[in-house]
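Open the structure in your viewer and keep the selection tool handy. We will go from stop to stop, and at each one you will hear what to select and what is there.

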Amino acid sequence: MTEPIIQVENLERDFGNVKAVKGVSFEIARGKVVGFIGANGAGKTTTMRMMVTLDSPTSGSIRIGGRDVTDEPGEVRRRVGWMPDAYGTYENMTVFEYLDFYGRAFGYKDEERRKRVREVMEFTDLASIGDRPMDTLSKGMGQRLCLGRTLIHDPEVLVLDEPAAGLDPKARIEFKNLVRLLAQQGKTIFISSHILSELGEMCDYLLFIDAGRIVHHGTTESLTDHGSVEAVVEIRVQGDPETLYAWIIAAPGMQITDRLKNGARVRVSHADGEDLTGLLKTLVSDGVPVNAFFKVERRLEDAFVDMLKGSP
Amino acid sequence: MTSTSTRADFGDWLSPMLVKELRQGIRSKVFMAAFFLTQVLMILSVVFNLTAVNEGDGAGKMVDFLNGLFWFLIGVPLLFLMPIRGFGSLYGEIKAGTLELVFLTRLSALRIAAGKWTALMVQTLLLVAAVLPYVLLRYFLGSVDVVQDLQSVLILLLASGMLTAATIALSPYESKILRALFSVGMIFGFIFLLFGLIGVIAGNAIRGSMGGSFAPWTFYFGAILFAPAFIFLGLEVAASHIAPPAENHAIRKRLLGIYLLLAAALLALLGANAAAAYRVALVLLGVVVIDTLAEPQRFVRSVYMPFLKQGPAGKTLALFFTPGWVSASWFLIILTAVGGGLLGLHGQLDDREDVLRIVSLLGWLIFPAALIRLAAPETKYFLGLYIALQFLFAAVTFLVNIMAGISQEPMTMWLCPLPPCTFLLTFFGQVKDMQMNDFLWVTGLVTAASLGLLLARTITPLRDIRASLLQNSPKDA
């Protein structure tokens, strides 16, 4: 088994008497896309800043590619790209000059630098606006530029803090596509976001943090599943739904969770795929005028809220 | 990541920060305005000069005036407009959140600060280059010595470099109160420097009062020894404020303190005015002491490891050269010993007044620091409190001195337990001969007690640091 590229162990960070991060531990394998989810003030940004050497742990350790962030910050910085939730712009500087500056600052020279800047501009679709002053960019373009800067030294690990915040739907889709491409290139991506549905689509794993503690670490499916013992189905009928309600109330192991205009959302106990097929057949044979029947996946947002309710 | 060795791009020879700053700076409105304003004012100055030359009688006074005006017009952009831009250089980046992204590259805090300074100086040089034709034109119009004019430009440039380093040193401070205080101080400093320097330059240029050469060689040698040290100190102060905790800037800053004393000693050895040389060194040393005593105490294991690897000698050095006010307090012992030794060697402690001046200077520096560390050892507002206390002591000294003058009573004696007050009284020659011994004893004792108190206050943090190192885990101490 290969060594995980990110290893966080018993990480703690205190700000005076406030414990922002309390004993956080996790490991991330190379090439995975991991979503980092938590409410405001849960400790996400603090943890991420320590991962990229911008803050020091009070105790515990973080190793990126086997290098400790405290002992070898320079080595870690070569391996990590950090994209903060907000980045400042420079006056009197074009998009090209901005990336060129970071290329120089990372030690690229001459043609190698120009080539790298060109590659990044093409990847982030900024090539056509290279001469534009960076303080005139839209939010979406700005985020792409910020991602470009993060990629300029070709890091193995990308740590992205709320990269899609404030983007319009089009820019969000574009950004999501860029993250997918990066994942295909084998980058390890650690990404926090409030738009949980998008994280669900992008990520292999999800980490939930609440009040400075990790409260869940698992695959997206493990969260969106309602569990093996129950399912939620949405049933829609032709005309008055009262017949449906009456049928459900009389049926064992079923409970209405939402009454809809022309149907209901129903929790079914001890249900697997075959049981649900049987349920539909029974409904139809009992004369309930069903015109739509489908299983409802649990939304990530609901899983998140349920988890917060369950955490101490 | 690899790097090619060939450097076809001229910018590759320069610091990345300098390239960035120049790209931004030369397009900035302030630089453009300063450049065009200087040109317009120079043209006006030459036109007036031409008029004065044709005036015949009374031309001498007019030339004097125009000479002053000429240097004033050069002085404003060099000593004010360009240096003042340094004040916002790091602050702007901190506020915009761009600085920490730069830290994730290979650039160190010192290279960032140095890049900012160099870029401002290159722009200042551009302004100077644009002024040079007018300097030559003045020569052809008569009544000036072009060599002296060029020397004057050089001195202005040096002063501009030092002022720019000072403004960059102050630029990382985010506190609005501190920034307001610095701004007021800078404006007063600018007025003092501008009129002082221009008075000297204009006067000397006309009369050649130093027998043909503009200034004695010791002036230039002193400038060579102290000006780069001052600039480096300013940049180090700025760098240490913006640097990540893992960077150790304490070593260079503290060694610079020792260098200043040695530079003064060298000047004195070479026959320069020892008192003046030490005065300059002590002023700069004051900046080193205040800055190091204001350093927050953080424990970062990686800072201590290089010292610990050197065995017992390394451990001893760590006590004096690791970042934070704790080791800064111990470093004061070295500074006091080296400074006292050198001052004594060059006859600067021969009479009681000299001794009182030096002791009270030390007290002026450390007494407020001891008070603050006694009341709130880990305060985040050290510098603000320190400046406030210094203002308070200055106000008390001023009031008591006035009252003493009115009542004809020796009321200033009441101030001898307060070294900052003693220092101000000594500085302005308000300590009478008969009071000298009392002042010396009391101020000396209080100063020694202040140092003792500071050192005593370091015991707990030192224990914490030791415990953290033994645990082998990072912990804020």
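Start by selecting helices α6 (residues 109-141) and α7 (residues 146-170) of chain B, whose axes come within 10 Å and cross at roughly 160 degrees. Their crossing is right-handed, meaning that the near helix is turned clockwise from the far one by less than a right angle (anticlockwise would be left-handed). The axes are lines fitted to C-alpha atoms over the stretch in contact, with angles running from 0 to 180 degrees between N-to-C directions. α6(B) and α7(B) are therefore roughly antiparallel, a label for angles over 145 degrees.

Now show the side chains where the two meet: on α6(B) they include B:W117, B:L120 and B:V128, and on α7(B) they include B:L150, B:V153 and B:L157. Residues are in contact here if their C-beta atoms, placed from the backbone, lie within 7 Å. Colored by class, this contact has 14 nonpolar, four polar and three charged residues. Nonpolar covers Ala, Val, Leu, Ile, Met, Phe, Trp, Tyr, Cys and Pro; charged covers Asp, Glu, Lys and Arg; the others, Gly among them, are polar.

A word on what you are viewing: this is a predicted model, where local features need pLDDT of at least 70 and side-chain atom pairs count only at pLDDT 80 or more, while totals for chains, interfaces and linings use all residues. Residues are numbered from 1 along each chain as its sequence is written, and chains are lettered from A and ligands numbered from 1 in the order in which they are written.

Next, select chain A, which has eleven helices and 14 strands. These are DSSP runs numbered from the N terminus: helices are H or I with at least four residues, strands E with at least two.

Zoom in on strand β9(A), residues 205-210, where five of the six residues are buried, that is, with 20 or more other C-beta atoms within 10 Å of their own, C-beta atoms being placed from the backbone. Add β3(A), residues 33-37, which runs parallel to β9(A) and is joined to it by four bridges; look for A:I37 opposite A:F208. Then add β10(A), residues 213-219, which pairs with β9(A) in the antiparallel sense over six bridges; pairing takes at least two bridges found by DSSP. Here A:I209 stands opposite A:I214.

For the last stop, show both chains: their contact takes 34 residues from chain A and 35 from chain B. On the chain A side, α3(A) gives the most, with five residues.

Technical notes. A residue is buried if 20 or more other C-beta atoms lie within 10 Å of its own, exposed if 12 or fewer, and partly exposed in between; C-beta atoms are placed from the backbone. Angles under 35 degrees count as roughly parallel, over 145 as roughly antiparallel, 65 to 115 as roughly perpendicular and the rest as oblique.
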